[in-house]
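Trainee: Please take one part of this model and go through it closely. I would like to know how its pieces are arranged.

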Amino acid sequence: MRIAFFVNSIESETPGYTTTTLALAAVQRGHSVVYVEPGDFILRPDDSLAVSVAVLPDASYKTPDKLHAALKDAAKQKKTFAISDIDILFLRNDPSLDATDRPWAANAGIMFGRLAAEQGVIVVNDPDGLAQAQSKLYLQTFPEAVRPATLISRSIAEIRAFIDKHSKGCIVKPLQGSGGKNVFHIATPTDSNLNQIFEAASGDGYLIAQAYIPEAKAGDVRLFLMNGLPLLRDGSYAAFRRIPAKGDVRSNVHAAGTARKVKVTDTILRIAEMVRPKLVSDGMFLVGLDIVGDKLLEINVFTPGGLARLAEMYKTDFAARVIVALEEKATLRRAYGKTMPNSRLATL
């Protein structure tokens, strides 16, 4: 099986990324791995789709560092394949990283992923589902019971009025974006910094104001779902608690947060079950839920990260379980051909 990982850029990949972890698991299971960047697709006059790829040499990579080094070398001399030579196209880019400097690149995976799916390639997560999820507005399409009270606006007057209704304050952040950028905790609508915060965060467009959940002081829980269900292997859930640095409201690990083991509670599992039907309907194969208390703060459907960290915590290879699931999809594709829609196959 040949698996193509679509990323923002090969240059920005690191040995610690979840994509690298998945690629290593795929190679160790005997699959061919290639990497694709936003500018690598070629749609020819006969409507055939081709793709220029960095091909990982066949080798018994033992560590992500070795694989990453080989990928850097492979990127210097790409090869062109017909899209039919790809079995799985795994969309693992973060559109928000390209939205400002390379807006043409932000939607490339979705646009060409659709064409690839039409030509029989298994594309995960499903590109039509990802098109619905290109901002944090996607969270508002899930049941109200699992979401904190939320206002989305560019009006500072509306935001002040919303904050005034919540005695514990609010979190304000951009509607677009990721990685904890421009995330602020506002205690009261008279906060002297509110205008400056509004200016900083609204530079990215609309703002989200969410009722602050006091449990957030202890961090949030990242839970991986695969095929709509909690990712489980060897009796352990693929979940960890992200604890913010002192004085910071952001739990993101690359924003100085730390990660620790966590017990997956019945409350967390109930939230996962509540969002499962829509995630399955939208073809969301691999997803990261960010949960505080009994509320879901974000759903990462593009680049949920942390599998390498989880492997160290629980001494089990969750990435291998993900690759096995892709193998099962490839078997179903061979059996059913194009009679089964990509969005359905993506979460079987």
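Mentor: What follows is a look at one sheet and the helix beside it. The model is predicted, so local features need pLDDT of at least 70 and side-chain atom pairs count only at pLDDT 80 or more, while totals for chains, interfaces and linings use all residues. Residues are numbered from 1 along each chain as its sequence is written, and side-chain values use heavy atoms, with hydrogens and water left out.

The sheet is open and has four strands, in the order β8-β11-β9-β10, with antiparallel pairing. Strands here are DSSP runs of E with at least two residues, helices are runs of H or I with at least four, and both are numbered from the N terminus. Two strands pair if DSSP finds at least two bridges between them. At the edges stand β8 (150–153) and β10 (184–186); each has a single partner strand, so one side of each is left without a neighbour in the sheet. On average, neighbouring strands of this sheet are turned by 25° against each other, direction ignored. Such angles use lines fitted to C-alpha atoms, for helices over the stretch in contact, and run from 0 to 180 degrees between N-to-C directions.

Strand β9 (residues 170–174) is joined to β10 by three bridges, and the two run antiparallel. Within β10, His 185 stands opposite Ile 171. Helix α6 (residues 156–164) packs on this sheet and touches β8, β9, β10 and β11 (207–211), where contact means heavy atoms within 4.5 Å. The direction of α6 makes about 170° with that of β8.
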